[in-house]
Amino acid sequence: MATQQLFPTLVYTARLRFRGWRALNARLLRECRQLRADDAAGRRWSARNYPGGYTSYGSAHRMQQLSPTFAALARRLDRHVVRFTRTLQMDLSRRTLVMTDCWVNIMGRGAAHGLHLHPLATISGSYYVAAPAGAAGLKFEDPRLARFMAAPPRRSDARRANRPWVIFPVRAGALLLFESWLRHEVAPHSRAAERVSISFNYSWF
Ligand SMILES: [Fe+2]
């Protein structure tokens, strides 16, 4: 008798700790805050759609093309995305995954990010520029929940792989990658210090 695991949901985690990381991260943090100061359209968009936070999702969402600092981050991210697609065994022999979007998220106390996925993308992820201790993590939801019908709930001590959702803690320098169809959310940020992340999409079309 054997039980086999099929159709896994993979989440890629890494820490960016290359030489010069600290200086790059400090530049990114400055630019994220400067963007918020300069981006009136983004602040208006955020006031309506992201209370307590700022995101450039609706205003400056191709930062990798606007800022050499973000472009330097994107070059680092490219390598991790390639590794992840190899683990996923995606056939990219005639296709190239490229970063299509890259935007800034700054969460103040009380800001939250509701459950969502990233349409029109293949691989998505977030890089964490600043995250105070206790900052809200990234919560992923089992993509099969809608099909569970009469399935009983899982035990509270169920293995991580069997839980209906899993939260990944975040800290500065952390990178998370996932397939773009995987729904995720961020619970309300409860700390006074800001939680700053850079999110991005990669696509092959
Ligand atoms: Fe997201």
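**Pockets and a helix face**

Reader: By class, what does the lining of the second largest pocket have?

Author: That lining has 11 nonpolar, 14 polar and 2 charged residues. Here Ala, Val, Leu, Ile, Met, Phe, Trp, Tyr, Cys and Pro count as nonpolar, Asp, Glu, Lys and Arg as charged, and the others, Gly among them, as polar. This is a predicted model, where local features need pLDDT of at least 70 and side-chain atom pairs pLDDT 80 or more, while totals for chains, interfaces and linings use all residues. Numbering runs from 1 along each chain as its sequence is written, and side-chain values use heavy atoms, without hydrogens or water.

Reader: And what counts as a pocket?

Author: On a 1 Å grid over the protein atoms alone, it's an open set of points where a 1.4 Å probe fits, with protein on both sides within 12 Å along at least five of seven lines; lining residues have an atom within 4 Å of a point.

Reader: Nice. Which residues are closest to the centre of the second largest one?

Author: Y57, W103, H113, H116 and H118, out of 27 lining residues. β10 gives the most to that lining, with 4 residues; strands are DSSP E runs of at least two residues, and helices H or I runs of at least four, numbered from the N terminus.

Reader: Switching to α1: which residues are buried?

Author: W21, L24, N25, L28, C32 and L35 (buried is under 20% relative accessible area, exposed over 50%, partly exposed in between, with a 1.4 Å probe and protein chains only). They line one face of α1, because they fall within an arc of 95° seen down its axis (taken from the axis to the C-beta atoms).

Reader: What about the face turned away?

Author: There α1 carries the exposed residues R22, R30, A37 and D38.
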